[in-house]
Amino acid sequence: MKAVYLYITLMILCSATTAQVSSQTPPKVVRYDLYVGDSMVNYTGKTKHALVVNGTTPGPTLYFTEGDTAEIHVHNTLSEETSIHWHGIKLPNQYDGVPYLTTQPIKPGQTHIFRFPVVQYGTYWYHSHTMLQEQSGLHGAIVMRKRNEQPKNEYTLLLSDWTDLHPHTVNRYLHNANDWFAIKKGSVQSYGEAAKTGYFKTKLTNEWKRMNAMDVSDVSYERFLTNGKETDVQPQFKKGDSVHLRVVNGSASTYFWLRYAGGKITVIANDGADVEPVVVDRLLIGVSETYDLIVPVPENMQYEFMATAEDRTRSTSLWLGDGMKMPLTPMPKLKYFEGMKMMNGMMKMNGDLDTSSGMQMSNQVMDMNTVMYPEMDNPMPASHEGHEGHQMGNSSSDIVTLNYGMLKAPEKTTLPEGPVKLLNFELTGNMNRYVWSINNKTVSETDKILIKKGEIVRMVIFNNTMMRHPMHLHGHFFRVLNGQGEYSPYKTVLDIMPMEVDTIEFAATESGDWFFHCHILYHMMSGMGRVFSYENSPPNPEVPDPKMAYRMLKKDDRMLHFMGRVGLESNGSDGEVMLSNTRYRLSTEWRIGLNADHGYETESHFGRYLGKMQWLFPYIGWDFRYRRMRAPEKNLFGQINTKNYRQVFHVGLEYTLPMLIIADASVDTEGKLRVQLSREDVPVTRRLRFNFMVNTDKEYMAGLRYIVTRNLAISTHYDSDMGYGAGVTLSY
């Protein structure tokens, strides 16, 4: 009996010692091997190519503890180079993962080792920073825990957007003003729809100000996913549980509304940084943001946690608990024409947003888009001269929506004293040509911004575009000056809405080059970014030639985009091919008749777009034409042409007029003048487009196209040279 007592005593002592040791586990090296590869997936009934990590998209969640050393071996099994950026992680510059700028790209067949100390805790994620690979599924979550933290009732979900189209096709469509995405989403806002709903004048005003239709998301996605699934089910949670949700918006370009059927949502952290708990009914998570949330499980039922795309086309859901399902009501469709009316009141004729009222908006406190939300009852109209129909402000609804003004750090976040480097950034761009920039310059058109250790870098950012922009700073946390004074929250991503002015600041404590950019993938690739560069930094072993590396980064927004349209109709063929990038365009258009009287003609232009809105396009060109002449031709300037065959060079100037009409004036090497007015793609209905052309050579054309698929339209047109024809138009 004495021996038994001694054994039990020893076991208790051993257990206590073991518990004490486990609660004080020393820091360790945590290794992961990530294999980046290709796979085929089927989310829509069609098998499509995806990029995966360790065979899945998203890749595995990586877990670390504060004080550990992360050692991650990234193996590239692709036939192309890749990269991994550790989003929101403070780490040595050489491991940040921006190819060429901070880290060598991982070539096919190579392995790259990332080794860095874990100096923080929170919810973060990783993703490719190479071209458009992130859109294809190359991403995953990261959880960094406090030392001795004992997680309970915790679940991590990574939200993503999926398109069956190749991401390069998506990017090309956006840059070529193809409105196939609007057709798919039902957001065309045609003249027919405007007349039917009583907004014809609103539509006219919209185009008079040279604006495209109102939209809140550029791309039409086939699916939205939670951890790679349209629906995720976690039945292990029981009545009375409080579930800690770590939510990562790993999408390429989609904001998500987050709502929960089981009760209120408590926000406890944003971008990995703790905040004082805030209780809300819903929140909008920006592209690349992370939120830590607490939600209750009131009964032994299944409660829906729904993420709905901001454009409200589709949703993805996580179900918590087991039992009878407790679903949410889907969010109603947006009221686009109300949004268009609001936009008309905000926009000046020169393309700038109208801030003449002196209204100061910041930190999402005043969401102008409430006019588009059907669930908001009686939004309060703001009375400002010259802003008819511009409704904003809080709704009388009881819905509590999170905004940045509600976020408060649990501890003081005041920065150390130091000289202040003030930077004023204006977010600029336009939807017509899908150009996104800062201070009207893309990354490729700027030098690095030099900063010094010890400085306080303060950025005042004005969003002078009609799109939201989630601006992300690599390698640093910044303070958002949101009215919370010494307790202003830390973040790594700032979602800034149209017409907002936000101020952020960070202490310059690192070295090397760090990227600052819009995290909407297609905006970043179009040039909306800057590089902060610490002066007198030691050489980065990953970047042996910094000048060459910066040139490689600049290639993204200089990418060329090809477009082609070929009409095959009963009176011949007409069409256009175009190669363009942010500033330049090379295009060729043609008309080919069926006989010598109809003739043939081809005209080419090469030029550069000027101005912030790119409404001005000077060009040089060349023109080849053959048509059998029955009589001399005289233009409206009295100049006569008697040649069947003509080959000339010309210089000209295009200008976008109100109503999006293109005015084109040119003179050729024979001294002939020509002025032309034209417009493509006037939206008559959701799928029916009208186009016309008239010029001083007494040529004219008018036609209609009915869009059947993204590559095929039924078309008809009348041409003054070739007569009437009908057939099909093929687009690429």
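Let's call a residue buried when its relative accessible area is under 20%, exposed when that figure is over 50%, and partly exposed in between. Keep that scale in mind, because K184, with a relative accessible area of 40%, lands in the partly exposed class. We'll come back to that lysine shortly; first, a look at the whole thing, which is a predicted model.

The protein chain holds eight helices and 45 strands. Its radius of gyration is 29 Å, close to the 27 Å that the globule rule gives for 732 residues, so the chain is as compact as a globular protein of that length. Laid along the principal axes, the C-alpha atoms fill a box of roughly 125 × 60 × 55 Å. Of the 732 residues, 56% are buried. The accessible surface comes to about 30200 Å², and carbon and sulfur atoms account for 57% of that. As for contacts, take those between residues at least 6 apart in sequence: 68% of them join residues at least 24 apart.

Now to the charged side chains. Side chains of opposite charge can pair when their charged atoms come close. A search of the whole structure turns up 52 salt bridges, and a few of them are worth a stop.

Start with E222 and K184, whose side chains meet in a salt bridge at 2.6 Å, N to O. E222 sits in the loop between α5 (200-208) and β10 (223-226), while K184 belongs to helix α3 (residues 180-185), so this pair ties together parts that are 38 residues apart in sequence. The two ends don't share a class on our scale: E222 counts as buried because its relative accessibility is 14%, whereas K184 is partly exposed at 40%.

Next up is D281 with K264, a salt bridge whose closest N and O atoms are 2.7 Å apart. Here both partners come from loops: D281 from the one between β15 (273-280) and β16 (282-285), K264 from the one between β13 (256-260) and β14 (265-270), so the bridge ties together parts 17 residues apart in sequence. D281 counts as partly exposed at 24% relative accessibility, and K264 gets that label too, at 42%.

Then there's K491 and E289, with 2.8 Å between the closest N and O atoms of their salt bridge. This pair links distant parts of the chain, 202 residues apart: K491 is in strand β27 (residues 490-491), and E289 is in the loop between β16 and β17 (290-296). Both K491 and E289 are buried.

Salt bridges can also join up into something bigger than a pair. R591, E601, R625, R627, E633, E699, D719 and D721 are linked in a network of them. One of these, D719, takes us to strand β44 (residues 712-719), where it shares the covered face with A713, S715 and H717. On the uncovered face of β44 you'll find L712, I714, T716 and Y718.

What does β44 pair with? On one hand, strand β43 (residues 700-707) pairs with β44 in the antiparallel sense over seven bridges. A hairpin of four residues makes the connection from β43 to β44, and I707 has A713 as its bridge partner in β44. On the other hand, β44 runs antiparallel to strand β45 (residues 723-731), with eight bridges joining them. This time the hairpin goes through three residues, and S715 stands opposite G727 in β45. So much for the tour of β44 and its neighbours.

Conventions. Residues numbered from 1 in each chain as written. Predicted model: local features only at pLDDT ≥ 70, side-chain atom pairs only at ≥ 80, totals over all residues. Heavy atoms only, no water. Salt bridge = Lys/Arg side-chain N within 4 Å of Asp/Glu carboxyl O. Helix = DSSP H or I, 4+ residues; strand = E, 2+ residues; numbered from the N terminus. Buried < 20%, exposed > 50% of the residue type's maximum accessible area, 1.4 Å probe, protein only. Pairing = 2+ DSSP bridges. Rg over C-alpha atoms; globule rule 2.2 N^0.38 Å. Contact = heavy atoms within 4.5 Å. Areas by Shrake-Rupley, 256 points an atom, 1.4 Å probe, with all protein chains shown as cover.
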